[in-house]
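Here is a short briefing for a colleague who likes to look at side chains and strands together. Please have the structure open as you read.

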Amino acid sequence: MLNTGSGSGGVCPPDPGGAPADGAGRRHAECSGSPRLRLSFALNGWRDCDAGWFGVLRVLLNDEADGSLMAWLRECEWCDGARLILSWRGQDAAIAAVEFTLTRAEPAVGAQVERGFLSWLQQLSALSDQQLRHYARLAQRRLNSQTPLDQLRDLAFDAPALHRIAPPAWQRWLSRFRPEGVSRLWITGQVRGDPVRSRGFDLRLAPFILPAVTPARPPTLRFYAGNASPRTPPLPWRPPVSPNAPPAESVPLRHIAANEAPVLMLYPAPGSDFTEVQGHILQAALRALGGNLVHIGGELRIERRQDVWLLQLGADEMTMPAALEAISARLRVLTQAVIRQGRRARQYELRREQEQIPVRRLLSQLPRWLRTADGAGAEQGPEQEDGASRRLTEISWQGTLYGGSDGLRQTLSRMLGRFPGAFTAASFPAAADAACSSAAAFPPSPCLHPAMRRLAHSAGNRPRRAIR
């Protein structure tokens, strides 16, 4: 597996100085999109019985809770995302790659990301049996949440589920990720090099050398163990305000009675002029908090449904008020780093839309066009979106609580007084109430075209609950 690094797929050990003169094992490839750094590892002695650890490593890499690697990289504004790829697998060897989406096309940023990642790899070997079992459960939960087709794809082309958990086996498997056997691929939009044809593709490759940088202070990373609450910074596990002293006056909160775990859904009211940039800023501001909730069985999602941004919080009745208070606190103080991260996410999305086939681009724009034709909103231009990115406090919201007790609804309606922005009563037709109560449909926004609303009610999509 270890060779001279010929071509972009070569796996070649770097010299002790970290920057070889000839650039062997390091390639600079031209490709459109955001700048990326891909680190590939040759895993000699690969055994199928150890392949289940691959899913645990992916969950650890994608962990976004406070104190995780991704939370630290985003706080430093070096990286916006990472993914683990099993590039190739043979009978007794494999090639695994970690690809980081960088915030800037600067090799110094990639060098800091690599140093942080290698330091994180060393800390993984100290995970306890309880911590490994916790992340293995999260890996299984990730697999169960996928569609049947995606599950089959993972089982066919990725690693099987893990059945035996033991720290010595984990340490033995992790030792194959040797820093001296890493191969680096730097991907940017402009490369000065000779064209190369490889497996039918025309590529432009050039040697790449990571610069010598002053190492950043090693991150203080944390790993969780199931029921142990996160420590940095923890959620207030008890309601921060007693029922006798409500934090604010009650706001309108629609309640759909159901004998299931509660799910709180917040969405911009029709005509509130909520922009795409603001939606991505919400995601950036609450990403770490959502990662915290995952470790205690909860869930926090900020996503777009039918061109309507929805904040969906799922947790037990004791945790939900504390989680809502933490959400409101983070949204009341938005840092410039969070705003910049949200704007970059919007730019990434626009670039992905431009690369799609025309029919997919038309389908993605259809809900917005219908909403505009119905007189409920207008499409925002880039300048308007940029100017509205800081005005989350001016947004008018509507809320729905699915499940839970009436006491929980009263508590949440008071605590929503601390949420940035104002709340208006959600008005839905009687048919919509019946559909939501019987089929537990995810409530569509009334700003959609009537035909789209009927289609959503007839679909009967169930909300994604965190507690199962």
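The points below cover charged pairs, their exposure, and a strand with its pairing partner.

This is a predicted model, so please read each contact as a feature of a prediction. Its salt bridges come to a count of 21. Three of the pairs are described here, along with a network and then strand E5.

**A salt bridge within a helix**

- Arg133 and Asp129 form a salt bridge through their side chains, with an N to O distance of 2.9 Å.
- Helix H4, which spans residues 129-144, holds both Arg133 and Asp129. The two are four residues apart, or about one turn of the helix.
- Arg133 has a relative accessible area of 38%, so this residue is partly exposed.
- Asp129 is partly exposed as well, because its relative accessible area of 30% falls between the limits of 20% and 50%.

**Two further salt bridges**

- Arg104 and Glu106 are joined by a side-chain salt bridge at 3.5 Å, N to O.
- On the Arg104 side, the relative accessible area is 33%, which means a partly exposed residue. Glu106 is also partly exposed, at 37%.
- Glu303 and Arg305 make a salt bridge too, and here the N to O distance between the side chains is 3.0 Å.
- How do the two ends of that pair sit, buried or partly exposed? Glu303 has a relative accessible area of 18% and is therefore buried, being under the 20% limit. Arg305, at 23% relative accessibility, counts as partly exposed.

**A network of charged residues**

- Which residues are joined into one network by salt bridges that share partners? They are Arg36, Arg38, Arg83 and Glu99.

**Strand E5 and its partner**

- Strand E5 runs over residues 182-188 and is mostly covered, with seven of its seven residues buried.
- Val182, Arg184, Trp186 and Thr188 point one way from E5. Ser183, Leu185 and Ile187 point the other way. The residues of both sets are all buried.
- Strand E2, residues 36-44, pairs with E5 in the antiparallel sense, and six bridges link the two strands.
- Which residue of E5 is the bridge partner of Leu39? The partner is Arg184, one of the residues that are buried in E5.

Key. Residues are numbered from 1 along each chain as its sequence is written. This is a predicted model: local features need pLDDT of at least 70, side-chain atom pairs count only at pLDDT 80 or more; totals for chains, interfaces and linings use all residues. Side-chain values use heavy atoms; hydrogens and water are left out. A salt bridge is a side-chain nitrogen of Lys or Arg within 4 Å of a carboxyl oxygen of Asp or Glu. Buried means under 20% relative accessible area, exposed over 50%, partly exposed in between (1.4 Å probe, protein chains only). Two strands pair if DSSP finds at least two bridges between them.
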